[in-house]
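This report describes a protein chain with its ligand. Please consult the sequence and the coordinates shown below while reading.

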Amino acid sequence: MASDSIAIRYVTDGDKEEWTRLWLGFRAHYDIPIPDGLGDANFKRIMDDSVDMWSAFAVDTSRDDKPIGLVNWVSRPSTWDLTDIVYLHDLYVDENERVRGVGRKLIEFVYSEADKRGTPLVYWTTDHYNHRAQLLYTKVAKKTSKVIYEREL
Ligand SMILES: CC(C)(COP(=O)(O)OP(=O)(O)OC[C@H]1O[C@@H](n2cnc3c(N)ncnc32)[C@H](O)[C@@H]1OP(=O)(O)O)[C@@H](O)C(=O)NCCC(=O)NCCS
């Protein structure tokens with residue numbers, strides 16, 4: 001697949017099946033149980049204009065716009081700035097479509113949408129051992145000094 005046949009578009013109402021397939025592919029990378037109904041709830045929130053949660057597909061225009069990658073992102077208020085900041089939640093590219101620029105295009109799409117909304121700060125986290133993802137991230141972003149803590153439940 002030539003990289004010029006990759007396009008990025010927003011996920012819409014009729015995309016639930018492919019959205020779910022890609023999202024489950026993403027979640028399969030994590031050994032964290034998925035609560036019942038979470039996929040449905042996420043899709044509903046993404047379709048809800050009143051919720052600042054969005055999703056876009058990478059599609060292959062040379063194969064009937066087949067979805068081959070997914071990005072989900074949210075924005076939230078920040079005490080450090082007057083504008084919201086964007087958190088890129090989930091990024092996934094089908095296994096046989098990787099290292100062709102799809103992941104980069106999905107991140108760049110989030111950047112451009114964040115710019116349009118006047119919320120240019122975009123951040124995300126990854127596992128320290130996810131070297132594959134970091135090969136991409138070092139090219140499109142800077143690594144910060146922050147580490148993450150979370151409450152033990
Ligand atoms: C991480 C992921 C989204 C990357 O998607 P992708 O489409 O393969 O990424 P891209 O092709 O856009 O970018 C790959 C970049 O890394 C570089 N890269 C990839 N493999 C490389 C290697 N072995 N050596 C050196 N560079 C490499 C490429 O050169 C490319 O850089 P370029 O855009 O300057 O050419 C994909 O691997 C994935 O879905 N992984 C499973 C889920 C996951 O880990 N998600 C992220 C969770 S934080």
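What are the helix and strand percentages over residues 6–153, and how far apart are the end C-alpha atoms? Over this range the chain is 32% helix and 24% strand, with the end C-alpha atoms 41 Å apart. Helices (H or I, at least four residues) and strands (E, at least two) are DSSP runs, numbered from the N terminus. The UniProt record, an unreviewed entry, places the feature "domain: N-acetyltransferase" at residues 6–153; such annotations may be inferred rather than shown by experiment.

The model is predicted, with local features needing pLDDT of at least 70 and side-chain atom pairs counting only at pLDDT 80 or more, whereas totals for chains, interfaces and linings use all residues. Residues are numbered from 1 along each chain as its sequence is written, and side-chain values use heavy atoms, leaving out hydrogens and water.

**Ligand shell**

The ligand is surrounded by 22 residues (a heavy atom within 4 Å), of which V99, G101, G103, R104 and R132 come nearest. Strand 4 (85–93), helix 3 (102–116) and helix 4 (131–140) each supply at least two residues of this shell, and helix 4 provides the largest share, six residues. By class, the shell has 11 nonpolar, six polar and five charged residues; Gly counts as polar, and Asp, Glu, Lys and Arg count as charged.

Three backbone polar contacts (pairs of N or O atoms within 3.5 Å) to the ligand are tabulated.

| Residue, backbone N or O atom | Distance to a ligand oxygen atom |
|---|---|
| V93 | 2.8 Å |
| R100 | 3.1 Å |
| R104 | 2.8 Å |

The protein covers 76% of the 960 Å² of accessible area (Shrake-Rupley method, 1.4 Å probe) that the ligand has on its own.

**Nonpolar core**

The largest nonpolar core (buried nonpolar residues joined through side-chain atoms within 4.5 Å) has 38 residues. Within this core, W19, V71, W73, L88, I107 and W124 touch the most other members. The elements giving two or more residues to the core include helix 1 (16–27), helix 2 (38–47), strand 2 (53–60) and strand 3 (66–76), together with strand 4, helix 3 and helix 4.

**Loop between strand 2 and strand 3**

Most residues other than glycine have a negative phi. In the loop between strand 2 and strand 3, D64 and D65 depart from that pattern: phi is near 55° for D64 and about 60° for D65. D64 is exposed (over 50% relative accessible area), at 77%. D65 is partly exposed (between 20% and 50%), at 40% relative accessibility.

Conventions. A polar contact is a pair of N or O atoms within 3.5 Å; within protein, one must be able to donate a hydrogen and the other to accept it, and residues adjacent in sequence count only if both atoms are side-chain atoms. Buried means under 20% relative accessible area, exposed over 50%, partly exposed in between (1.4 Å probe, protein chains only).
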